[in-house]
Amino acid sequence: MTTKYSHSFLKLFNFTRNFSRMCGADLIREDYKMTALTWFIIAVVNGAIAFTFYTMYVGVAINHDWTELLKCLCMFGTGVQGYAKLVNGLLRPEMVRFIYREIIGMYTVYERKTANYHKLLKESISLVKKLIVILLISVILVSMAIIGTPAIYKMMFNERIFIMPFFFPYIDYKTDFGYYLTSLFHIICVIFGIFGNFVSDSWCFAFAAHIPLLKNILQAKFRELDELLQEKEDAKDFKQVAIKLYEIFKWHQKYQVFCNTVKELFFWVIFVQVATEFVSIVCTIVCIFLGIWPAAPVYLVYSFVLFYFHCALGNLVETSNDDVILMIYDCCWYNLSVSQQKMLLIMLRESQQAEGMSIGGIAPLSMSTALQLTKTFYTFSMMLRQFLN
């Protein structure tokens, strides 16, 4: 009985689609159209951004309180990230569906082949599952902590604090009505903001995590080619060698198209993600030093988890590209004919020119970049703390 790895992936991916439906952005549907819920989410995000600017203006220009600016900038990045991801998905639904169909096609085809391929499919599903579970746990814990902090603070210190650091104009938030109205809108923003970001991030991780699967399938095909080439000359099936080499050539093209599509789809999303996380992390660290936002430590952990997750994902793609170059070098190319060797040279040239994921084309998305930015976080935080003191 054939193991249905395609069903396992569909079950896992459909779990994330439930959250996309909650945000009115089920882009996988071929007949998807923007609904009233989609426009409601856009209105909520626009409102949160507008009220944040209003709160920053009042805090700095009127009250001369620079800490209000800091608190606003901490969570402002999450709203901008969600907005960028939603708009990116709405503008490029065909790219999302193309990647989705390619992944389903891989599982459907290779779950019918030998056990060697089954092992690769199983490892890929396991990787995607781990990424989604870790991300979901982080999202749930952060949302519960941010929403629950005011209630805990009220019980412990008998003092009202707000979930998010922005307010409505012309609403007295010191009254019961103003407080609960503002808190209700904050809860709506946290739920849709964090879980909306979860959908985009989980799809980004799920899509990019299949680049190693394409690489591993390519490697398995090269092993099969080597087995054919290592046979004795009188027993070698030259027709099978040509067929297998052509299959490898086509799969390598598929690998490149898939990688380029994933990079293009999330190019600006990753730039906005890293740029806003930089601002959020620096401001959150300073808020912790100054003790002006009780939920800051939880939000800082969440920001760092997302930051390192994205950088690790870029590292995964970069490693896969390097592995493709090595497997072309290491195959038994010397047993091929001259015309067949030229096919490998074309593959090698294309592989050497392949680029990994980047932060807006400014820096590579990798753990090395993450380390450099982590040092910058600390430097900017100390400078900002010194300025405020």
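Biologist: How many disulfides does the structure hold?

Modeller: The structure holds 0 disulfides, where a disulfide is a pair of cysteine sulfur atoms within 2.5 Å. This is a predicted model, in which local features need pLDDT of at least 70, side-chain atom pairs count only at pLDDT 80 or more, and totals for chains, interfaces and linings use all residues. Residues are numbered from 1 along each chain as its sequence is written, and side-chain values use heavy atoms, leaving out hydrogens and water.

Biologist: Why does the sulfur of Cys23 have no bond to the closest cysteine sulfur?

Modeller: The closest cysteine sulfur belongs to Cys189 and is 12 Å from that of Cys23, so a bond is ruled out: that is too far. For Cys189 the result matches: the nearest cysteine sulfur is that of Cys23, 12 Å away, and Cys189 is in no disulfide.

Biologist: Are these cysteines, Cys23 and Cys189, buried or exposed?

Modeller: Buried means under 20% relative accessible area, exposed over 50%, and partly exposed in between (1.4 Å probe, protein chains only). Cys23 has 7% relative accessibility and therefore counts as buried. Cys189, at 10%, counts as buried too.

Biologist: What share of the chain do buried residues make up?

Modeller: Of the 389 residues in the chain, 51% are buried. The chain exposes about 19200 Å², and carbon and sulfur atoms supply 64% of that area. Such areas come from the Shrake-Rupley method with a 1.4 Å probe, and for residues only the protein chains shown count as cover.

Biologist: Which elements make up the secondary structure of the chain?

Modeller: There are 12 helices and 2 strands. Helices (H or I, at least four residues) and strands (E, at least two) are DSSP runs, numbered from the N terminus. In that order the elements run α-α-α-α-α-α-α-α-α-α-α-β-β-α. The C-alpha trace spans about 90 × 45 × 35 Å along its principal axes.

Biologist: Why is Thr52 called buried or exposed?

Modeller: Thr52 is at 6% relative accessibility, so Thr52 counts as buried. Thr52 is in helix α2, residues 36-62. Leaving aside neighbours within four places in sequence, Thr52 is in contact (heavy atoms within 4.5 Å) with Cys72, Phe76 and Phe166.

Biologist: What makes His64 and Asn158 worth a look?

Modeller: His64 is not a glycine, although its phi is positive, about 55 degrees. Asn158 likewise has a positive phi of about 55 degrees and is not a glycine. His64 lies in the loop between α2 and α3 (66-91), and Asn158 in the loop between α5 (115-157) and α6 (176-208).

Biologist: Which class do the relative accessible areas of His64 and Asn158 give?

Modeller: His64 has 61%, and is therefore exposed. Asn158 has 59% and therefore also counts as exposed.

Biologist: Which residues does Ile125 contact, leaving aside its neighbours within four places in sequence?

Modeller: They are Tyr5, Ser8, Phe9, Leu12 and Tyr107. Tyr107 is 18 residues from Ile125 in sequence, and their C-alpha atoms are 9.9 Å apart. Ile125 sits in helix α5 and, at 12% relative accessibility, counts as buried.

Biologist: What share of the contacts between residues at least 6 apart in sequence join residues at least 24 apart?

Modeller: The share is 76%. For separation along the chain, take Leu344 and Phe249: they are 95 residues apart, with C-alpha atoms separated by 7.9 Å.

Biologist: How do you know whether Leu344 and Gln340 are buried or exposed?

Modeller: Leu344 has a relative accessible area of 5%, so Leu344 is buried. Gln340 has 14%, so Gln340 is buried as well. Leu344 is found in helix α11, residues 338-352, and Gln340 is in helix α11 too. Not counting residues up to four places away, Gln340 touches Val241, Ala242 and Leu245. With the same kind of neighbours left aside, the contacts of Leu344 include Leu245, Trp333 and Phe222.

Biologist: Which residues touch the most other members of the largest nonpolar core?

Modeller: Phe207 and Phe222 do, in a core of 118 residues. A nonpolar core is a set of buried Ala, Val, Leu, Ile, Met, Phe, Trp, Tyr and Cys residues joined through side-chain atoms within 4.5 Å. Beyond four places in sequence, Phe222 is in contact with Ile248, Met327, Ile328, Cys331, Leu344 and Met347.
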